[in-house]
Amino acid sequence: MTYITHSRLSKSVDTFREVWYKFSKNRLSIVGLLIVLIITILAAFAPYIAPYPAHAGRFVNFPEASQPPGSRHLFGTDVNGRDILSRIIYGYRFSLMMGVFVLALVVPIGVTLGLIAGYFKGTLIDTVLMRITDIFLSIPPLVLALAIASVLTPNLTNAMLAISLSWWPWYTRLVYGLVSSLRNEFFVQAAKATGASTPHILFREILPNCVSPVLTKMSLDMGWVILMGASLSFVGLGVQPPKPGLGSMIADGTQYLPDSWWMVVFPGIAVMIVVLGFNLFGDGIRDLLSEEEA
Amino acid sequence: MSFLVRRVAYSIFVLIGLSMLIFTIVRVMPGDPARLALGARATKEAVQELRDRMHLDESLPVQYYHWVKDVLQGKLGISLWTRREVSIDISRFLPATLELVLFAALIEAVFGILLGVIGTRYRNTWVDNTLRVGTYFAVATPAFVVAIFLSLIFGYMLKVLPIVGRLDPSVVAPPVRTGLITVDALISGNFTAFIDALKHIIMPAIALSLGGMAQDARITRSSMSDNLLKEYIAVERAQGIPPRVINLKYLLKPSLIAPVSVLGLDIASMLGNAFMVELVFGWPGLSQYGVEAALRKDLNAVTGVVLVIGLVYLTINILVDITVAYLDPRVRLR
Amino acid sequence: MTAEERALFKIRNLCVAFDLFRGTLPVLDHVSLAVRRGEKIGLVGETGCGKSVTMKVVVGILPIPPGRIASGEIWFDGTNILSLHGGRLQDVRGRIGLIPQDPSASLNPVFQVGTQLRDAIRYSHRHRNLSAKEIRRLAIDVLAEVGLPDPVRNLSNYPFQLSGGMKQRVLIAMALAANPELLIADEPTTALDVTIQEQVLRLMREAIDRRNLSILIITHNLGLIREFTDRVYIMYAGQIGETGSTRDLFNRPLHPYTKGLLASVPKLTGEGVPFGIPGTVPDYLNAPSGCRFSPRCDRTTEVCASCRPEMILIEGEHRVACHLYKEEQEDDPQAG
């Protein structure tokens, strides 16, 4: 494996075309990319794409309540008469927001902690940091997120916070493992010998070599974070009504099974598709990046 | 043996750390838990009395000290919601969740690895490709969605399986021995109960295990295909060992290391997902109790549940580590 | 019967290709070699010349897609291995023992050494229906034969508990336990320390003499060839360039590649820096249809790249596949 040293970093950034060529070799990854793109567009332009944007908020229309899928409402309506398709589109908005927010928070913190702990392996810093990480990892992330979300006021922001607090240790652990092995490699010793400062070594020498696994994990994690968000809102701890969350839509609809099945089935499929999309996309990224290294 | 001792000691340490973590989280919550528990109409004196009893006005470390003292005596406090001892509540609900998770873990391990082996055996054929696509879908679907779909199809539409609870009210429940109804039914020879309990547990268990099963299948398959290319397999073939022996023995054992190691994490996610699956199926388990407690901000219950789940998870991880050590001698003898 | 016809083992005109995404690589091009009873034969070439592929085809571990045996025969004691299947193939293969290259990668890390050894014994002697005790006895005996200290204890050890030299001994034991007639040693020195190499080679030589075995050594180590072998085949890019007795080859290398190879070896005497061979490793995707060394040969002619040179007998056993030696050609009883 060739290592990326500071001076080679800029040269190792592939041209877009080459990256695309490698990525597109796997058909499933293309499917994933398409799904991700479509959902992103839906989320970004929700007010323009959703047939009934007003239904995503406080809205009642009882004459049209509990309608099965039909020409006016492709996915039917819920008990308040709100169009389910529109609410799903807005629900995607919240899901993506959640994913981006959580990762934007978790990745820098988790990676930095992992860098520090791994580089100073064997010292007190390492012990303290990794023990704390282990403690956070000692219960299932969903349980931790539930516990944290439960003590805070239920809303989207707090749900994101809760998920972030349960998620950061995974990145720390990942990077810790990478750094522990990398720090003994020659290029690190060389940098030290030429008097490079520790931050330089950490962020300019070691970090670029961690980018691939971290990026892979990030693309896969989007799906999981969205899943966690849906789970939290399923129990009522995420997006609060009347705002549409995919999980809460499913929870609401469960009471009306099996007659009004569309209230549950379509949001359920919606969750599945978004997670599937990110999983496929993430796998594609992983194959792409590991192929480059080979 | 020292390996085991080290693991257990470390787990205890982590458990203590966990207790501190959850304790801090729960106690720094905004709002007054005592008032929440007693309701808006309670008198100030009543609230204050409860606060004193729960040591809520003292500093955090002191609170922790009191709490640890109680825990070591087996007292997890009074649930502010059910008004019962949390430890009693937990012991009532825990077996149900354990039974569910154990069943799910069993299904996941057996079928996950089996599917992975099949995928390797028929790799690059339509069987393998179908399995691959299937695993993608299975992994992407949240457990509670699977739960709802299953109950929709088999419960409501086809009406072959019951949707709620652990046992039909018309069936005589077996005497409680382990708390796991299926096991208890078998022990007491009550086959009607056994079958009925099985019918009740199968859907939630599948819902819980599907994602992990797909994950295991993928990992087994990739681990096996990787090992197929390893030099020692080629050498064994060159030495005349027949392919069947190689596949069932020399290829299988090293390939199991990866999926078993992941089993611990899978069980963790199962413990988490059990919350929702129990909700969907009305399964009277710990997770349901925990969610209710969380929604009602029942400090003691939440703390107790988290702690117990942490304990269960750590125990399972130790068991998984032991199994991995059995499979991979390099781990145990280094 | 000619010498060749008496050969215990011979490969005739073996052509092997790899069907890859970027094209078909014609890795082996009409490779022929022979090993007679009791002979020690060397197959020499640089990394990537196809000698491992040859070994894998013989031993049966070439991954068949993408590998493909395009044409040729492999004869062992009068039977064409490539036409056999199942049990009969297994029986013939049992008479060929492989000593693999990298001892650390060749033993299954999660099984005890004894388990693998006993299975190797059980299945190579499957017709004899040995009891477990007999198998164990055989295992201990063969481990002692290869000089492994404390054989009984080592049976229950795992590979990672053994040193490189000990692992190599175990692998040799596994090969010998099947009572083969032909050994194939794949780079027996490459993965070992120099001091261990010496011991292992001595061990192999003793075993060969004691059991009256033939051996085909695949290597790029010319010193090993010189010390160990009776006859040598020089391979380049999937073609056999030259063959002859070790002495003839070293005294009078004919093929330009052989000459370059011998000149590249650092010597303790003479000038310091050895010569290399100009050019780069062969490109199988765009290989010339003739002699594959022609792109790098300093004496290449027009006909070299397009016309594959036949093996020409020069003298005794010394043959070369090179257009430059057409005039010296003698009548070859083995030609055709």
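Me: In what order do the strands of the open sheet in chain C lie?
Reply: Good place to start! To read a sheet, walk across it from one strand to the next. In this predicted model, the walk through chain C goes β6-β7-β8-β3-β9-β10-β12-β11, eight strands with mixed pairing.

Me: Which strands stand at the edges of that sheet?
Reply: Look for strands with a single partner. In chain C these are β6 (96–99) and β11 (312–315), so each has one side left without a neighbour in the sheet. As you move across, neighbouring strands are turned by 20° against each other on average, ignoring direction.

Me: How many bridges join β11(C) to β12(C), and in which sense do they pair?
Reply: Follow the bridges between the two strands. β12 of chain C covers residues 318–320, and its pairing with β11(C) is antiparallel, over three bridges. You can find one of the partners yourself: C:Leu313 is matched with C:Arg319 in β12(C).

Me: Which helix lies across strands of chain C, such as β7(C)?
Reply: Try helix α1 of chain C, residues 51–59. That helix lies across β3 (40–44), β6, β7 (182–186), β8 (214–219) and β9 (231–236), and runs at about 145° to β7(C).

Me: Where in chain C is confidence lowest, and where is it highest?
Reply: Colour the chain by pLDDT and compare its elements. Helix α2 of chain C (residues 86–93) has the lowest confidence, with a mean of 82, while β3(C) has the highest, at 93. Over chain C the mean is 85, and 94% of the residues reach 70 or more. The model has an ipTM of 0.81 and a pTM of 0.77.

Me: How do I read two packed helices, say α6(A) and α8(A): at what angle do they pack?
Reply: Take the angle and the distance between the axes together. Here α6 (residues 124–136) and α8 (residues 156–182) of chain A pack at about 135°, their axes 9 Å apart. The two helices are therefore oblique to each other, and α6(A) passes α8(A) in a left-handed crossing. On the α6(A) side you will see A:Met130, A:Thr133 and A:Phe136, which meet A:Pro169, A:Thr172, A:Arg173 and A:Tyr176 of α8(A). Sorted by class, this contact has four nonpolar, two polar and one charged residues.

Me: How many residues of chain B are in contact with chain A?
Reply: Count each side separately. There are 39 residues of chain B in contact with 34 of chain A. Several helices of chain B give two or more residues to this side, among them α1 (2–27) and α13 (299–327). The most come from α11(B), with eight residues. By class, the chain B side has 32 nonpolar, six polar and one charged.

Note on methods
Residues are numbered from 1 along each chain as its sequence is written. Chains are lettered from A and ligands numbered from 1 in the order in which they are written. This is a predicted model: local features need pLDDT of at least 70, side-chain atom pairs count only at pLDDT 80 or more; totals for chains, interfaces and linings use all residues. Two strands pair if DSSP finds at least two bridges between them. Helices (H or I, at least four residues) and strands (E, at least two) are DSSP runs, numbered from the N terminus. Axes are lines fitted to C-alpha atoms, for helices over the stretch in contact, and angles run from 0 to 180 degrees between N-to-C directions. Two residues are in contact if their C-beta atoms, placed from the backbone, lie within 7 Å. pLDDT is the predictor's confidence in each residue, from 0 to 100. Ala, Val, Leu, Ile, Met, Phe, Trp, Tyr, Cys and Pro count as nonpolar, Asp, Glu, Lys and Arg as charged, and the others, Gly among them, as polar. Angles under 35 degrees count as roughly parallel, over 145 as roughly antiparallel, 65 to 115 as roughly perpendicular and the rest as oblique. A crossing is left-handed if the near helix is turned anticlockwise from the far one by less than a right angle, and right-handed if clockwise.
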